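Let's take a walk through this fold, starting with the sheet and working out to what packs on it. Have the sequence and the model open side by side.

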Amino acid sequence: MLDKSSLRNTKMLKLLSEHNHKLDKSEAYGLKSYSLNLAPGDHSGYETCPHRGACFDGCVSWNTGWKRTAVVRDSMVSNTKHFFNDRKSFLWLLNRDLHCLNLRAVEKDEDYGIRPNCSSDVNWSKICPTMFDGRYNRLHFYDYTKSLVRWRNQDKAYSLTYSLNERSNLDSV
């Protein structure tokens with residue numbers, strides 16, 4: 001059994017990453033962010049971006065920086081396969097990581113940002129509603145989505161920004 005001090009150790013995180021060049025920029029605004037990086041599109045053999053379009057060909061979550069390395073891509077694919085093949089275990093680990101970060105945030109009197117879809121467009125409100133039920137009161141969930149339905153019906157605890165694409169109708173946004 002893990003004690004509270006080991007849960008606050010971010011080196012114990014299994015799914016969430018604290019190192020991402022784009023997210024590191026949020027620290028300048030006083031918010032440290034963590035991300036979940038699933039393999040985008042169907043790079044894992046499973047679709048994680050159901051509303052994707054032309055963005056897939058030049059996806060920054062697959063084709064730029066350290067995400068081009070085999071070790072990082074293998075990790076993203078492994079996480080994605082785990083998500084699809086053993087959802088219960090994956091969600092247990094994800095909630096454990098969130099619990100760990102929330103404990104750390106309370107102890108340090110800080111708030112953290114969480115991007116569960118840093119490289120995907122999964123409907124977390126439907127798949128893991130416990131993320132947004134208030135138990136992680138020091139964590140602020142935010143993402144981008146290409147789904148107008150999810151954007152229009154977003155959970156108040158999960159801030160979504162609609163991501164325009166070649167199929168967007170500006171009158172409907």
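In what order do the 5 strands form the open sheet? The order is E1-E2-E3-E4-E5, with mixed pairing.

## Ground rules

This is a predicted model, so to speak a calculated one: local features need pLDDT of at least 70, side-chain atom pairs count only at pLDDT 80 or more, and totals for chains, interfaces and linings use all residues. Residues are numbered from 1 along each chain as its sequence is written, and side-chain values use heavy atoms, with hydrogens and water left out.

## The chain at a glance

The protein chain has 7 helices and 5 strands; here helices (H or I, at least four residues) and strands (E, at least two) are DSSP runs, numbered from the N terminus. Going along the sequence, you meet them in the pattern α-β-α-β-α-α-α-β-α-β-α-β.

Of its 173 residues, 45% count as buried, where buried is under 20% relative accessible area, exposed is over 50% and partly exposed is in between (1.4 Å probe, protein chains only). Take the contacts (heavy atoms within 4.5 Å) between residues at least 6 apart in sequence: 62% of them join residues at least 24 apart.

## The sheet and its edges

Back to the sheet. Its edge strands are E1 and E5 (158–162), each pairing on one side only; two strands pair if DSSP finds at least two bridges between them. E5 runs parallel to its partner E4 (residues 139–145), and the two share 5 bridges. Tyr142 has Ser159 of E5 as its bridge partner, and Thr145 has Tyr162 of E5. E5 also has two faces: Tyr158, Leu160 and Tyr162 are on the covered one, while Ser159 and Thr161 are on the uncovered one.

At the other edge, Leu16 sits in E1 (residues 16–17). Leu16 counts as buried because its relative accessibility is 7%. Beyond its neighbours within four places in sequence, Leu16 touches Tyr34, Ser35, Leu36, Leu94, Asp97, Leu98 and Leu101. Leu101 is 85 residues away along the chain, yet the two C-alpha atoms are separated by 9.6 Å.

## The nonpolar core

A nonpolar core is a set of buried Ala, Val, Leu, Ile, Met, Phe, Trp, Tyr and Cys residues joined through side-chain atoms within 4.5 Å. The largest one here has 25 residues, and Phe90, Leu94, Leu98, Trp124, Met131, Leu139 and Phe141 touch the most other members. H5 gives the largest share, 7 residues. Setting aside residues up to four places away in sequence, Leu139 is in contact with Leu98, Leu101, Asn102, Tyr112 and Ile114.

## Where two helices meet

The axes of H4 (residues 70–85) and H5 come within 5 Å and cross at roughly 120°. Axes are lines fitted to C-alpha atoms, for helices over the stretch in contact, and angles run from 0 to 180 degrees between N-to-C directions. That crossing makes H4 oblique to H5: angles under 35 degrees count as roughly parallel, over 145 as roughly antiparallel, 65 to 115 as roughly perpendicular and the rest as oblique.

On the H4 side, the contact uses Asn79, His82, Phe83, Phe84 and Asn85, and on the H5 side Arg87, Ser89, Phe90 and Leu93.
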